[in-house]
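Me: I've got a structure here and I'd like to check the labels people put on its parts. Can you walk me through the reasoning?

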Amino acid sequence: MDRKLPNILITGTPGTGKSEIAKMLSERTGFNWLDISKLAIENKSLEVYDEQYQSYILDEDKLLDLLEPMMASGGKIVDYHSSDFFPERWFDIVFVMRTNNTILYDRLVARGYSGKKLEDNVSCEIFQVLLDEAKNSYKEEIVHELQSDNADQMADNLNRICQWIEQWKIDNQ
């Protein structure tokens with residue numbers, strides 16, 4: 001590995017705090033936060049609109065081609081709800097954000113989620129679909145589950161990730 005800094009994947013069900021922790025982590029470390037949904041829109045890496053889920057389908061190949069050169073230098077925080085299509089070689093650690101189902105439900109309703117989109121996202125969290133996806137896509141020892149129900153847990157998670165980064169730097173100098 002030639003990277004001077006690690007790459008981090010933050011994944012989990014919508015509403016679990018991925019973007020919030022990624023933003024705080026970027027501000028604290030200077031790492032580049034790659035909000036995959038935003039990048040996909042800006043770079044027209046979207047396919048058709050899914051009426052049922054009220055969102056666009058990602059053009060994964062186009063997005064991966066865009067990201068490949070960015071990931072090579074390290075120091076990236078990738079924020080996306082899915083993880084199985086990203087190459088394993090890109091990441092040094094994967095954090096899966098988890099949230100209590102009642103809290104998650106309220107967060108998603110506040111975002112305007114309803115119907116099948118709301119039900120499927122809460123079910124996804126109940127059945128830890130994205131945690132299992134990450135464990136199946138990456139070496140199990142680099143996948144870590146972080147509970148994200150409140151501000152105190154978010155602060156603890158931020159400190160934990162920053163401590164991991166500092167240890168990575170020591171181990172990889």
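Me: What is the order of the five strands in the open sheet, and how do they pair?

Reply: Bear in mind this is a predicted model. The order is S2-S5-S1-S6-S7, and the pairing is parallel. On average, neighbouring strands are turned by 20° against each other, ignoring direction.

Me: What makes S2 and S7 the edge strands?

Reply: Strand S2 (32–35) and strand S7 (143–147) each pair on one side only.

Me: How do you know that S1 and S5 pair?

Reply: Pairing takes at least two bridges. Strand S1 (residues 8–12) and strand S5 (residues 76–79) have three bridges in the parallel sense, so they pass that cut-off. If you want a spot to look at, Leu9 has Val78 as its bridge partner in S5.

Me: Which helix lies across S1, S6 and S7?

Reply: That's helix H7 (residues 151–171), and it runs at about 155° to S7.

Me: Why is the contact between Arg3 and Asp92 called a salt bridge?

Reply: The cut-off is 4 Å between a side-chain nitrogen and a carboxyl oxygen. The closest N and O atoms of Arg3 and Asp92 are 2.6 Å apart, so the pair qualifies. Arg3 sits in the segment before S1 and Asp92 in the loop between S5 and S6, 89 residues apart.

Me: Why are Arg3 and Asp92 called buried?

Reply: Buried means under 20% relative accessible area. Arg3 has 13% and Asp92 has 15%, so both get the label.

Me: Arg98 and Glu145 form a salt bridge too; which of them is buried and which is partly exposed?

Reply: Arg98, at 10%, is buried, while Glu145, at 40%, is partly exposed because that value falls between the 20% and 50% limits. Their closest N and O atoms are 3.0 Å apart. Arg98 belongs to strand S6 and Glu145 to strand S7, 47 residues apart.

Me: What makes Lys116 and Asp120 a pair within one helix?

Reply: Both lie in helix H5 (residues 115–126), four residues apart, or about one turn. Their closest N and O atoms are 3.0 Å apart, so they meet the 4 Å limit. Lys116 at 36% and Asp120 at 26% both count as partly exposed.

Me: Which residues do shared salt-bridge partners join into one network?

Reply: Arg98, Glu125 and Glu145. The structure holds seven salt bridges.

Definitions and conventions
Residues numbered from 1 in each chain as written. Predicted model: local features only at pLDDT ≥ 70, side-chain atom pairs only at ≥ 80, totals over all residues. Heavy atoms only, no water. Helix = DSSP H or I, 4+ residues; strand = E, 2+ residues; numbered from the N terminus. Axes fitted to C-alpha atoms, helices over the stretch in contact; angles between N-to-C directions. Contact = heavy atoms within 4.5 Å. Buried < 20%, exposed > 50% of the residue type's maximum accessible area, 1.4 Å probe, protein only.
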